[in-house]
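Thanks for coming, everyone. I have one model to walk through today, and I'll keep it brief.

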Amino acid sequence: MLLKTIKRTTAGMLFPFLFYTRSYLLSNLFYSGLGSIFMFHRVCPRSSKPRIRGNAGLEVTPEYLENAILFLRQNNYEIVSLVRAALILNGARIKKKFAVFTFDDGYADNYLHAYPILKKHSVPFTIYVTTHLPDGEAILWWYLLEDLVLKEKKINFKINDQYYQYSCSSLREKDWAYHEIHKIILNGPSNQLNQRIRQVFENYDMSFQEKTSQLSLTWQQIREMSEDPLVEIGAHTIHHEALNKLSEEEVQKEMEGSRDIIQSKIDQKVEHFCYPFGTRNEVGEREFRIAQQCGFKTSTTTRISNIFPEHKNLLQQLPRIPVNQKRDHGNINYLSLWLSGALPCIINKFKRIV
Ligand SMILES: [Zn+2]
């Protein structure tokens, strides 16, 4: 918690320092690359409902999304599809730098709130679908946990004969309880994850299914969008698990299985893939090789960097720039700190290719 507070404070000072002294421009030459692939998750209108920090970080408002489009175009970026980005890496000419918009997981708000804005501005984009979301089988426990801590004043549960109790009277306590329970759910054997989730929610009347159908895209919405030439549907596995924890056959099943399901639903080829979680902790050389064998044209990680000519030979491990309205204090100009490569260069300790 202390480390997080320090990190937040440092970021709170670093961003304005880099931006207002214009020192971020120093990195432009070596770290801005040919362009950037942006990673979004959810696009949600502002709400007066209190939120838990972690989840809200995955959301931008429709206004922010629209401002990002305008910002990029004002700053001489061309927003292109993933297919076009791969062609640029293979030598296709482009006068400007490029930006690609990608949305992970398959949330309903991508259709409801993002799609109308992207269409209005003729922005091509890719949605990576985890097929368990539209299939209604995903357990979006991190959103249910947020609902639970916001609703209850006290939370009790038992996991493997150990009792846990959290007080959730104030927003500060709720935030604390959320992060502690989040850790408990994740820390443990991955094959018992669902069991731990059920044990946490056992004393409470919460519907996993209702939450999933409330938040997920439907196959009908996916099909409708896929018919639009602006939209590319990519695969993001069936179950959204950390792939390096699975056997080679299981990884292949997750990749090919999700691709085949989506192809059968939209009646089009699915040629792009995105690794769940996608950091060095969850994916590496073995997963890149399997994605290549599966025949994907590109695969994206959540490693943070811009795209350089060297990525021509690293199409199964393309890094991205996570778009986080909260982290950037809602200041659209701070996108420059990412596009120039100033922040990626600090994060990657001056390494360009990650
Ligand atoms: Zn994901």
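**Strand 5 and its neighbours**

Let's start in the sheet. Strand 1, residues 35-40, pairs with strand 5 in the parallel sense, over six bridges. Phe-40 has Phe-103 of strand 5 as its bridge partner. Before I go on, please keep in mind that this is a predicted model.

How buried or exposed is strand 5? Strand 5 covers residues 97-105, and eight of its nine residues are buried. So much for cover; now the other pairings.

Strand 4, residues 77-79, also pairs with strand 5 in the parallel sense, here over three bridges. Look for Glu-78: its bridge partner in strand 5 is Phe-98. To get from strand 4 to strand 5, the chain passes through helix 5, residues 82-89, and this β-α-β crossover is right-handed.

Next, strand 6, residues 125-129. Strand 5 and strand 6 run parallel and are joined by five bridges. Asp-105 has Val-129 of strand 6 as its bridge partner. The link between these two strands goes through helix 6, residues 108-120. That β-α-β crossover is right-handed too.

**Helix 12**

Now move along the chain to helix 12, residues 248-266. Does its length make sense? Helix 12 has 19 residues, and at 1.5 Å a residue they should span 27 Å. The C-alpha atoms at its ends are 27 Å apart, which agrees.

Which residues of helix 12 are buried? They are Val-251, Glu-254, Met-255, Ser-258, Arg-259 and Ile-262. Viewed down the helix axis, the buried residues fall within an arc of 105°, so they line one face of helix 12. The general rule helps here. An α-helix has 3.6 residues a turn, so residues three or four places apart point the same way.

What does that buried side pack against? The buried residues of helix 12 pack against strand 6, strand 9 (231-235), strand 10 (272-274) and helix 13 (285-294). Strand 6 is thus a shared neighbour: it pairs with strand 5, and it is packed against by helix 12.

Turn to the other side. Facing away from the buried side of helix 12 are the exposed residues Glu-248, Glu-249 and Ser-264. Just after the helix, Asp-267 takes a positive phi of about 60°.

**One residue in strand 7**

A quick stop at Asn-156. Asn-156 sits in strand 7, residues 154-159. Is Asn-156 buried, exposed or partly exposed? Asn-156 is partly exposed, because 13 other C-beta atoms lie within 10 Å; the buried class starts at 20.

Which residues does Asn-156 touch? Leaving out residues up to four places away in sequence, Asn-156 touches Tyr-164, Gln-165 and Asn-203. Ser-167 is eleven residues from Asn-156 in sequence, and their C-alpha atoms are 9.0 Å apart.

**The whole chain**

Let's zoom out. The chain has 15 helices and twelve strands. Its C-alpha trace spans about 60 × 50 × 40 Å along the principal axes.

What radius of gyration would a compact globule have with 354 residues? It would be near 20 Å, and the chain has 20 Å, which agrees. Buried residues make up 39% of the 354 residues.

Last, the contacts. Take those between residues at least 6 apart in sequence: 72% of them join residues at least 24 apart.

That's my tour. Over to you.

Technical notes. Residues numbered from 1 in each chain as written. Predicted model: local features only at pLDDT ≥ 70, side-chain atom pairs only at ≥ 80, totals over all residues. Buried ≥ 20, exposed ≤ 12 C-beta atoms within 10 Å, placed from the backbone. Helix = DSSP H or I, 4+ residues; strand = E, 2+ residues; numbered from the N terminus. Pairing = 2+ DSSP bridges. Right-handed = clockwise from strand over helix to strand, strands pointing away. Expected span 1.5 Å × (residues − 1). Arc of directions from axis to C-beta. Contact = placed C-beta atoms within 7 Å. Rg over C-alpha atoms; globule rule 2.2 N^0.38 Å.
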